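Visitor: I am new to reading structures, and I would like to take a close look at one single part. Could you take me through a place where two helices pack, and then set that place within the whole chain?

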Amino acid sequence: MAMRPHGYREIWTEGRIFFSRNSGPFNLELFQKAGEESRAERIRLTKSGPWGSIAIVNDNVMFTPDALDLLTRNLADQERNANLVAAAFVVPPETEGRLFCEGIFSPIYAGAGAEFRLFETLEPAKTWVTGVIEAAAGR
């Protein structure tokens, strides 16, 4: 039985960085919807060279196991993520589940060929992601 999407996600792109603003907890249905909404933009970024993503997460960063499985499968999709080189999560210290982010997401993104880092604020995340993108592009 399918549930209604749980969580919130807004997406946009700035240059070579794909952004999302998120609030969980997150379930499979939200990630199915989010995957459909972001597919064309991810393919566009992948075709144009190295790119990165920044997920800004507030309130709660917990995921159902099936949502994490879908995230892992989506990131392995070379058509839309082949040139993803850096992924940052911006998660304030008071966010529920922050403690688990590094251990859960670092191997998922590594499996997709991207470096992963966790930040408390946005500006250092942007600086790091931009640096990884530029290094991958040979600049």
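Guide: What follows is a walk through one helix pair and then through the chain around it.

This is a predicted model, and its protein chain has five helices and five strands, which run β-β-α-β-α-α-β-α-β-α from the N terminus on. The pair to look at is helix α1, residues 28–47, and helix α2, residues 65–76. Two packed helices are described by the angle between their axes and the distance between the axes. Here the angle is about 15° and the axes are 9 Å apart; since angles under 35 degrees count as roughly parallel, α1 and α2 are therefore roughly parallel to each other. Their crossing is right-handed. On the side of α1 the contact is made by L28, F31, Q32, G35 and R42, while α2 brings D66, A67, L70, L71, N74 and L75 to it. Sorted by character, the residues of this contact divide into six nonpolar, three polar and two charged.

Stepping back to the whole, the protein chain has 139 residues and a radius of gyration of 14 Å, which agrees with the value near 14 Å that a compact globule would have. The C-alpha trace spans about 45 × 30 × 25 Å along its principal axes, and buried residues make up 48% of the chain. Among contacts between residues at least 6 apart in sequence, 76% join residues at least 24 apart.

Definitions and conventions. Residues are numbered from 1 along each chain as its sequence is written. This is a predicted model: local features need pLDDT of at least 70, side-chain atom pairs count only at pLDDT 80 or more; totals for chains, interfaces and linings use all residues. Side-chain values use heavy atoms; hydrogens and water are left out. Axes are lines fitted to C-alpha atoms, for helices over the stretch in contact, and angles run from 0 to 180 degrees between N-to-C directions. Helices (H or I, at least four residues) and strands (E, at least two) are DSSP runs, numbered from the N terminus. Angles under 35 degrees count as roughly parallel, over 145 as roughly antiparallel, 65 to 115 as roughly perpendicular and the rest as oblique. A crossing is left-handed if the near helix is turned anticlockwise from the far one by less than a right angle, and right-handed if clockwise. Contact means heavy atoms within 4.5 Å. Ala, Val, Leu, Ile, Met, Phe, Trp, Tyr, Cys and Pro count as nonpolar, Asp, Glu, Lys and Arg as charged, and the others, Gly among them, as polar. The radius of gyration is taken over C-alpha atoms; the globule rule is 2.2 Å times the number of residues to the power 0.38. Buried means under 20% relative accessible area, exposed over 50%, partly exposed in between (1.4 Å probe, protein chains only).
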